[in-house]
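Trainee: Could you take me through the reading of a protein model, one feature at a time, beginning with the overall layout?

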Amino acid sequence: MKPLSGAYTVAIPWYEEEDFARLWSLAHDRDEISPDYATWHRNARRVLAEALAAGKAIEVVTIKPDAYLEWLGSAPNTAAARLRYVEQIVAGLVTSIRSDA
C-alpha cells in the first residue's frame with residue numbers, strides 16, 4: 001500500500017537559529033513573529049505537534065536567507081511568501097537551493 005500524500009502533506013518553513021535574526025529583521029510581518037528564536041522554536045514545535053496529531057505528513061523545509069531572498073526578489077517578505085517558497089521547494093518548482101555557509 002502506498003502512503004497517502006497531497007492534501008495530507010503539510011510543508012512547514014523552518015529556520016536555523018543562526019539565520020533567524022537576519023530573516024526576522026527582513027520580514028515585513030515581523031510584528032506577528034517573536035524576535036526571540038526560543039519563542040519561535042517553541043511555537044513551531046507546537047504547530048508541528050498539532051499537524052502530526054491531525055494525521056498530517058510533515059515536510060519541514062529549512063529556509064536559508066540568501067537562497068530565499070534571491071527567490072523572493074522585490075516581493076514583500078511575509079508569512080504567505082515564506083509558505084509559498086517552501087511549497088514550491090516541496091513541489092520541485094524551486095530546485096537551486098544555495099547553502100549560505
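The dialogue below goes from the overall layout to one helix, then to the core and a loop residue.

Mentor: Bear in mind throughout that this is a predicted model. A sensible start is the order of elements: the protein has four helices and two strands, and from the N terminus on they run β-α-α-β-α-α. Of its 101 residues, 31% count as buried, while the protein exposes about 6500 Å², of which carbon and sulfur atoms supply 55%.

Trainee: What share of the contacts between residues at least 6 apart in sequence joins residues at least 24 apart?

Mentor: That share is 67% in this protein.

Trainee: How should I read a single helix, and which residues of helix 2 are buried?

Mentor: The general idea is that an α-helix has 3.6 residues a turn, so residues three or four places apart point the same way. In this structure, helix 2 covers residues 37-53, and its 17 residues reach 24 Å from the first C-alpha to the last, close to the 24 Å expected at 1.5 Å a residue. Its buried residues are Tyr37, Trp40, His41, Ala44, Leu48 and Ala51. Seen down the axis of helix 2, these buried residues fall within an arc of 95°, and therefore they line one face of the helix. The cover over them includes strand 1 (9-14), helix 1 (17-26) and strand 2 (57-62). After helix 2 comes Gly55, whose phi is positive, near 85°.

Trainee: Which residues have the most contacts inside the largest nonpolar core?

Mentor: That core has 22 residues, and those with the most contacts inside it are Trp40, Ile63, Tyr68 and Tyr85. Strand 1, helix 1, helix 2, helix 3 (65-72) and helix 4 (79-90) each supply at least two residues of this core. Trp40 is thus a name you have met already, among the buried residues of helix 2. As for Tyr85, once its neighbours within four places in sequence are left aside, it is in contact with Ile63, Ala67, Tyr68, Trp71 and Val94.

Trainee: Turning to the loop between helix 1 and helix 2, why does Arg30 count as partly exposed?

Mentor: The class follows from relative accessibility, with buried meaning under 20% and exposed over 50%; Arg30 counts as partly exposed because its value is 35%.

Trainee: Which residues does Arg30 touch, not counting those up to four places away in sequence?

Mentor: Arg30 touches Trp24 and Ser25, and a polar atom of the Arg30 side chain lies 2.7 Å from the backbone oxygen of Ser25. Along the chain, Arg30 and Thr78 are 48 residues apart, yet their C-alpha atoms are separated by 8.3 Å.

Conventions
Residues are numbered from 1 along each chain as its sequence is written. This is a predicted model: local features need pLDDT of at least 70, side-chain atom pairs count only at pLDDT 80 or more; totals for chains, interfaces and linings use all residues. Side-chain values use heavy atoms; hydrogens and water are left out. The expected span of a helix is 1.5 Å times one less than its number of residues. Buried means under 20% relative accessible area, exposed over 50%, partly exposed in between (1.4 Å probe, protein chains only). The arc is that of the directions from the helix axis to the C-beta atoms. Contact means heavy atoms within 4.5 Å. Accessible areas come from the Shrake-Rupley method with a 1.4 Å probe; for residues, only the protein chains shown count as cover. A nonpolar core is a set of buried Ala, Val, Leu, Ile, Met, Phe, Trp, Tyr and Cys residues joined through side-chain atoms within 4.5 Å. A polar contact is a pair of N or O atoms within 3.5 Å; within protein, one must be able to donate a hydrogen and the other to accept it, and residues adjacent in sequence count only if both atoms are side-chain atoms.
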